[in-house]
Amino acid sequence: MSSELDEVAKSLFNGQLPNIWRKLAPATLKSLGGWMEHFLQRFDQYSRWVSEGEPAVMWLSGLHIPESYLTALVQATCRKNGWPLDKSTLYTTVTQYEKPEDVKERSHAGCFVSGLYLEGASWDVEASCLRRPRPKVLVEELPILKVIPIEAHRLKLQHTFQTPVYTTSQRRNAMGVGLTFEADLATREHISHWVLQGVCLTLNAD
């Protein structure tokens, strides 16, 4: 048996994700059991995408490189509307949809995404803005987020915290790897409050 197969066998015996598998999958901190469940959900999303077309709500964590999907979304919109690519960007807004099942059809402009987890704050559904975290609640799932490509000069944001979205709770390394994009979350507090709180979004609740 080769050293690679030996390493796989030891990892499986200990309930850990083998390194050779980790290289071929999206970044994760999950144990083997959690990773297998995540893998089956990713497989299901890809299968439905092939057979039924693009999902009404895209589960970003189920994509190998989520930022590539968002880049393609901007490129397709620029091509459709004749916008210059280098002067276009993304704008996000949190919807009232709690679950993907609540969304009945795809967005005509942009897309809906799910599977985002808010750290360091909570989301006020009624007021549609950030609020201070609930007692003893460190992480909570964000409602469905709508991502909209837009020309940069048309985007005028006020009372908005540009929240970094990371792949895992490790956030990013010194090279900046791990940052997927920035989401625009409405706030009634000064932006500095959320910066000091270290508020962010992650694609995995590890």
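For a chain of 206 residues, a compact globule would have a radius of gyration near 17 Å. The protein chain here has 19 Å, which agrees with that expectation. Keep in mind that this is a predicted model. Along its principal axes, the C-alpha trace spans about 60 × 45 × 35 Å. The chain holds 5 helices and 11 strands.

How does the chain fold back on itself? Take the contacts between residues at least 6 apart in sequence: 62% of them join residues at least 24 apart. Buried residues make up 40% of the 206 residues. The chain exposes about 12300 Å². Carbon and sulfur atoms supply 54% of that exposed area.

Now look at one buried residue. W123 lies in strand β5, which covers residues 122-124. Is W123 buried or exposed? Its relative accessible area is 5%, so W123 counts as buried. A residue counts as buried when that value is under 20%. Which residues does W123 touch, leaving aside its neighbours within four places in sequence? Its contacts include V94, L118, C129, L130, R131 and R134. E140, L142, P143, L185 and A186 are also among them. T187 is 64 residues from W123 along the chain, yet their C-alpha atoms are separated by 9.7 Å.

A second tryptophan has another setting. W21 lies in helix α2. Its relative accessibility is 31%, so W21 counts as partly exposed. W21 belongs to a nonpolar surface patch of about 610 Å². L12, I20, M36, F39, L40 and F43 join W21 in making this patch. Helix α2 (19-22) and helix α3 (32-52) each supply at least two of the patch residues. Helix α3 gives the most, with 4 residues.

Next come the charged side chains. Side chains of opposite charge can pair when their charged atoms come close. A search of the whole structure finds 8 salt bridges. One of them joins R171 and E119, with the closest N and O atoms 3.4 Å apart. R171 sits in the loop between β9 (160-166) and β10 (179-186), while E119 sits in strand β4 (residues 117-119), so the pair ties together parts that are 52 residues apart in sequence. The two partners differ in cover. R171 is partly exposed, at 29% relative accessibility. E119 is buried, with a relative accessible area of 15%.

Two further salt bridges are worth finding. The side chains of D124 and R131 meet at 3.9 Å, N to O. R131 is partly exposed at 31% relative accessibility, and R131 is also one of the contacts of W123. E189 forms a salt bridge with R132, and here the closest N and O atoms are 3.1 Å apart. E189 lies in the loop between β10 and α5 (191-197), and R132 lies in the loop between β6 (129-131) and β7 (139-141), so this pair ties together parts that are 57 residues apart in sequence. E189 counts as partly exposed, at 31% relative accessibility.

Turn to the cysteines. A disulfide is a covalent bond between the sulfur atoms of two cysteines. How many disulfides does the structure hold? The number is 0. Why does C78 not bond with C111? C111 has the closest cysteine sulfur to that of C78, but the distance is 14 Å, too far for a bond. C200 tells a similar story. The closest cysteine sulfur to that of C200 is in C129, 18 Å away, which is too far for a bond. C78 is buried, at 5% relative accessibility. C200 is buried too, with a relative accessible area of 0%.

Finally, check the backbone. Most residues other than glycine have a negative phi. K136 is not a glycine, yet its phi is positive, at about 65°. K136 is found in the loop between β6 and β7, and R132 lies in that loop as well. At 87% relative accessibility, K136 counts as exposed. H159 also has a positive phi, near 55°. H159 is found in the loop between β8 (145-151) and β9. Is H159 buried or exposed? Its relative accessible area is 63%, so H159 is exposed.

Methods: Residues are numbered from 1 along each chain as its sequence is written. This is a predicted model: local features need pLDDT of at least 70, side-chain atom pairs count only at pLDDT 80 or more; totals for chains, interfaces and linings use all residues. Side-chain values use heavy atoms; hydrogens and water are left out. Patches are made of residues with over 30% relative accessible area and no salt bridge: like charges are joined within 9 Å, nonpolar side chains (Val, Leu, Ile, Met, Phe, Trp, Tyr) within 5 Å. Accessible areas come from the Shrake-Rupley method with a 1.4 Å probe; for residues, only the protein chains shown count as cover. A salt bridge is a side-chain nitrogen of Lys or Arg within 4 Å of a carboxyl oxygen of Asp or Glu. Buried means under 20% relative accessible area, exposed over 50%, partly exposed in between (1.4 Å probe, protein chains only). Contact means heavy atoms within 4.5 Å. The radius of gyration is taken over C-alpha atoms; the globule rule is 2.2 Å times the number of residues to the power 0.38. A disulfide is a pair of cysteine sulfur atoms within 2.5 Å.
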